[in-house]
Amino acid sequence: MIKFMLLFSRQGKVRLQQWYEAYPEKQKKKTMRELIAVILSRKPKMSSFLEYKELKVIYKRYASLYFCCAVEQNDNELIVLEVIHRYVELLDKYFGSVCELDIIFNFEKAYYMLGELVLGGEIQETSKKNVLKAIADQDILQEEHETRNLLEEIGLT
(Lines give C-alpha, C1' and ligand atoms only; values in the text may rest on other atoms or scores of the structure.)
Protein backbone atom coordinates (compact mmCIF):
# COMPACT_ATOMS: atom_id res chain seq x y z
CA MET A 1 0.00 0.00 0.00
CA ILE A 2 1.24 3.47 -0.89
CA LYS A 3 1.49 5.65 2.21
CA PHE A 4 2.12 8.91 0.36
CA MET A 5 3.28 10.34 -2.94
CA LEU A 6 5.31 13.50 -3.42
CA LEU A 7 6.29 15.46 -6.50
CA PHE A 8 9.04 17.99 -5.97
CA SER A 9 11.45 20.02 -8.05
CA ARG A 10 15.24 19.88 -8.19
CA GLN A 11 15.19 22.92 -5.91
CA GLY A 12 13.21 20.99 -3.29
CA LYS A 13 9.86 22.75 -3.84
CA VAL A 14 6.91 20.42 -3.27
CA ARG A 15 4.56 20.55 -6.25
CA LEU A 16 2.11 17.82 -5.26
CA GLN A 17 1.58 15.73 -2.15
CA GLN A 18 -0.96 13.02 -1.58
CA TRP A 19 -1.17 11.25 1.76
CA TYR A 20 -3.07 7.99 1.98
CA GLU A 21 -2.62 7.61 5.71
CA ALA A 22 -3.29 10.14 8.44
CA TYR A 23 -0.17 11.86 9.76
CA PRO A 24 0.03 14.96 11.94
CA GLU A 25 0.85 18.07 9.89
CA LYS A 26 4.13 18.54 11.78
CA GLN A 27 5.23 14.99 10.93
CA LYS A 28 4.27 15.46 7.26
CA LYS A 29 6.45 18.56 7.00
CA LYS A 30 9.37 16.87 8.76
CA THR A 31 9.07 13.76 6.59
CA MET A 32 8.94 15.81 3.38
CA ARG A 33 11.91 17.96 4.44
CA GLU A 34 14.04 14.94 5.37
CA LEU A 35 13.15 12.85 2.31
CA ILE A 36 13.66 15.69 -0.14
CA ALA A 37 17.07 16.46 1.37
CA VAL A 38 18.14 12.80 1.17
CA ILE A 39 16.87 12.25 -2.38
CA LEU A 40 18.34 15.49 -3.77
CA SER A 41 21.73 14.65 -2.24
CA ARG A 42 21.89 11.23 -3.91
CA LYS A 43 23.95 10.76 -7.05
CA PRO A 44 22.11 9.90 -10.31
CA LYS A 45 23.74 6.46 -10.53
CA MET A 46 22.51 5.44 -7.08
CA SER A 47 19.52 3.16 -6.58
CA SER A 48 16.04 4.66 -6.67
CA PHE A 49 15.10 2.72 -3.55
CA LEU A 50 15.87 3.68 0.03
CA GLU A 51 14.65 2.89 3.50
CA TYR A 52 13.18 5.65 5.59
CA LYS A 53 12.12 4.74 9.11
CA GLU A 54 9.68 1.81 8.72
CA LEU A 55 8.94 2.66 5.08
CA LYS A 56 10.45 1.86 1.73
CA VAL A 57 10.83 4.91 -0.51
CA ILE A 58 10.87 4.63 -4.29
CA TYR A 59 11.58 7.66 -6.44
CA LYS A 60 12.28 8.53 -10.05
CA ARG A 61 13.36 11.76 -11.68
CA TYR A 62 11.67 12.91 -14.88
CA ALA A 63 13.11 16.15 -16.29
CA SER A 64 13.05 18.66 -13.42
CA LEU A 65 10.58 16.75 -11.22
CA TYR A 66 11.10 13.96 -8.73
CA PHE A 67 8.23 11.53 -8.21
CA CYS A 68 8.49 9.83 -4.84
CA CYS A 69 6.33 7.15 -3.19
CA ALA A 70 6.60 5.64 0.26
CA VAL A 71 5.27 2.13 0.74
CA GLU A 72 5.25 -0.63 3.33
CA GLN A 73 8.40 -2.73 3.68
CA ASN A 74 6.92 -5.81 2.03
CA ASP A 75 5.61 -4.01 -1.09
CA ASN A 76 7.16 -4.60 -4.51
CA GLU A 77 9.41 -1.71 -5.56
CA LEU A 78 9.06 -2.47 -9.26
CA ILE A 79 5.29 -2.20 -9.17
CA VAL A 80 5.61 1.17 -7.45
CA LEU A 81 8.09 2.31 -10.11
CA GLU A 82 5.54 1.24 -12.71
CA VAL A 83 2.81 3.25 -10.95
CA ILE A 84 5.08 6.31 -10.99
CA HIS A 85 5.86 5.75 -14.67
CA ARG A 86 2.16 5.27 -15.51
CA TYR A 87 1.35 8.54 -13.76
CA VAL A 88 4.05 10.36 -15.73
CA GLU A 89 2.73 8.83 -18.97
CA LEU A 90 -0.78 10.06 -18.12
CA LEU A 91 0.50 13.55 -17.35
CA ASP A 92 2.49 13.56 -20.60
CA LYS A 93 -0.49 12.42 -22.62
CA TYR A 94 -2.81 14.99 -21.07
CA PHE A 95 -0.46 17.99 -21.06
CA GLY A 96 1.70 17.00 -24.03
CA SER A 97 5.17 16.56 -22.51
CA VAL A 98 4.44 17.58 -18.94
CA CYS A 99 6.65 20.11 -17.19
CA GLU A 100 6.78 21.60 -13.73
CA LEU A 101 4.66 24.58 -14.78
CA ASP A 102 1.86 22.26 -15.93
CA ILE A 103 1.70 20.83 -12.42
CA ILE A 104 1.84 24.29 -10.81
CA PHE A 105 -0.90 25.86 -12.93
CA ASN A 106 -3.09 22.77 -13.32
CA PHE A 107 -2.60 21.12 -9.95
CA GLU A 108 -6.29 20.17 -9.71
CA LYS A 109 -5.95 18.11 -12.91
CA ALA A 110 -2.78 16.47 -11.59
CA TYR A 111 -4.54 15.55 -8.34
CA TYR A 112 -7.62 14.32 -10.18
CA MET A 113 -5.48 12.16 -12.46
CA LEU A 114 -3.64 10.69 -9.48
CA GLY A 115 -6.99 10.02 -7.80
CA GLU A 116 -8.16 8.09 -10.85
CA LEU A 117 -4.95 6.04 -10.85
CA VAL A 118 -4.51 5.44 -7.10
CA LEU A 119 -7.29 5.36 -4.52
CA GLY A 120 -6.67 4.96 -0.82
CA GLY A 121 -3.07 3.98 -1.47
CA GLU A 122 -4.01 1.10 -3.78
CA ILE A 123 -3.88 0.98 -7.56
CA GLN A 124 -7.36 1.89 -8.75
CA GLU A 125 -7.05 1.76 -12.53
CA THR A 126 -4.25 0.40 -14.70
CA SER A 127 -5.67 1.41 -18.08
CA LYS A 128 -4.33 4.73 -19.36
CA LYS A 129 -7.26 4.88 -21.75
CA ASN A 130 -9.82 4.63 -18.93
CA VAL A 131 -8.07 7.26 -16.81
CA LEU A 132 -7.79 9.68 -19.74
CA LYS A 133 -11.47 9.12 -20.57
CA ALA A 134 -12.45 9.94 -16.98
CA ILE A 135 -10.37 13.13 -17.17
CA ALA A 136 -11.92 14.09 -20.52
CA ASP A 137 -15.41 13.52 -19.06
CA GLN A 138 -14.48 15.68 -16.07
CA ASP A 139 -13.22 18.43 -18.40
CA ILE A 140 -16.54 18.40 -20.27
CA LEU A 141 -18.50 18.67 -17.00
CA GLN A 142 -16.29 21.53 -15.84
CA GLU A 143 -16.73 23.41 -19.14
CA GLU A 144 -20.51 22.96 -18.99
CA HIS A 145 -20.55 24.24 -15.41
CA GLU A 146 -18.44 27.29 -16.32
CA THR A 147 -20.62 28.03 -19.35
CA ARG A 148 -23.78 27.76 -17.23
CA ASN A 149 -22.29 30.13 -14.63
CA LEU A 150 -21.28 32.61 -17.32
CA LEU A 151 -24.77 32.56 -18.87
CA GLU A 152 -26.29 33.15 -15.42
CA GLU A 153 -23.97 36.10 -14.82
CA ILE A 154 -25.00 37.86 -18.03
CA GLY A 155 -28.68 36.98 -17.49
CA LEU A 156 -29.26 34.61 -20.41
CA THR A 157 -30.74 31.75 -18.39
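Leucine 156 sits in the segment that follows helix α5 (128-153). In this predicted model, leucine 156 has a relative accessibility of 61%, so it counts as exposed, the cut-off for that being over 50%. It also has some nonpolar company out there: Leu150, Leu151, Ile154 and Leu156 make a surface patch of about 390 Å².

Let's step back into helix α5 itself. Here aspartate 137 and lysine 133 form a salt bridge, with their closest N and O atoms 3.1 Å apart. The two are four residues apart in the helix, which means about one helical turn separates them. Aspartate 137 is partly exposed, at 35% relative accessibility. Elsewhere, salt bridges with shared partners join Glu82, Arg86, Glu89 and Lys128 into one network.

In the whole structure there are 11 salt bridges, and some reach across the sequence. Take lysine 3 and glutamate 21, whose side chains meet at 2.6 Å, N to O. Lysine 3 belongs to strand β1 and glutamate 21 to the loop between β2 and α1 (25-41), so this bridge ties together parts 18 residues apart in sequence. Lysine 3 is buried at 8% relative accessibility, while glutamate 21 is partly exposed at 32%.

Another such bridge joins glutamate 77 and lysine 56, with 3.1 Å between the closest N and O atoms. This one links helix α2 (residues 77-95), home of glutamate 77, to strand β4 (residues 55-62), home of lysine 56, across 21 residues. Glutamate 77 is partly exposed at 24%, and lysine 56 is buried at 10%.

Lysine 56 turns up again around cysteine 69. That cysteine is part of strand β5 (residues 65-72), and its relative accessible area is 0%, so it is buried. What does it touch, leaving out residues up to four places away in sequence? The list is Ile2, Phe4, Met5, Lys56, Val57, Ile58, Val80 and Ile84.

Phe4 leads us to the rings, where the count comes to eight aromatic pairs. Phenylalanine 4 and tryptophan 19 make a tilted pair, 4.4 Å centre to centre with 35 degrees between the planes. Because phenylalanine 4 lies in strand β1 (residues 2-9) and tryptophan 19 in strand β2 (residues 14-19), the pair ties together parts 15 residues apart in sequence. Both of these residues are buried, and ring pairs link Phe4, Trp19 and Tyr23 into a cluster.

One more ring pair is tyrosine 62 with phenylalanine 67: their centres are 5.7 Å apart and their planes stand at 90 degrees, so the pair is edge-to-face. Phenylalanine 67 is buried, at 2%. Over the face of tyrosine 62 lies lysine 60, 5.7 Å from the ring centre.

Key:
Residues are numbered from 1 along each chain as its sequence is written. This is a predicted model: local features need pLDDT of at least 70, side-chain atom pairs count only at pLDDT 80 or more; totals for chains, interfaces and linings use all residues. Side-chain values use heavy atoms; hydrogens and water are left out. Buried means under 20% relative accessible area, exposed over 50%, partly exposed in between (1.4 Å probe, protein chains only). Contact means heavy atoms within 4.5 Å. Patches are made of residues with over 30% relative accessible area and no salt bridge: like charges are joined within 9 Å, nonpolar side chains (Val, Leu, Ile, Met, Phe, Trp, Tyr) within 5 Å. Accessible areas come from the Shrake-Rupley method with a 1.4 Å probe; for residues, only the protein chains shown count as cover. A salt bridge is a side-chain nitrogen of Lys or Arg within 4 Å of a carboxyl oxygen of Asp or Glu. Rings of Phe, Tyr and Trp (its six-membered ring) pair if their centres lie within 6.5 Å; planes under 30 degrees apart count as stacked, over 60 as edge-to-face and the rest as tilted. A charge sits over a ring if NZ of Lys or CZ of Arg is within 6 Å of the ring centre and within 35 degrees of the ring normal.
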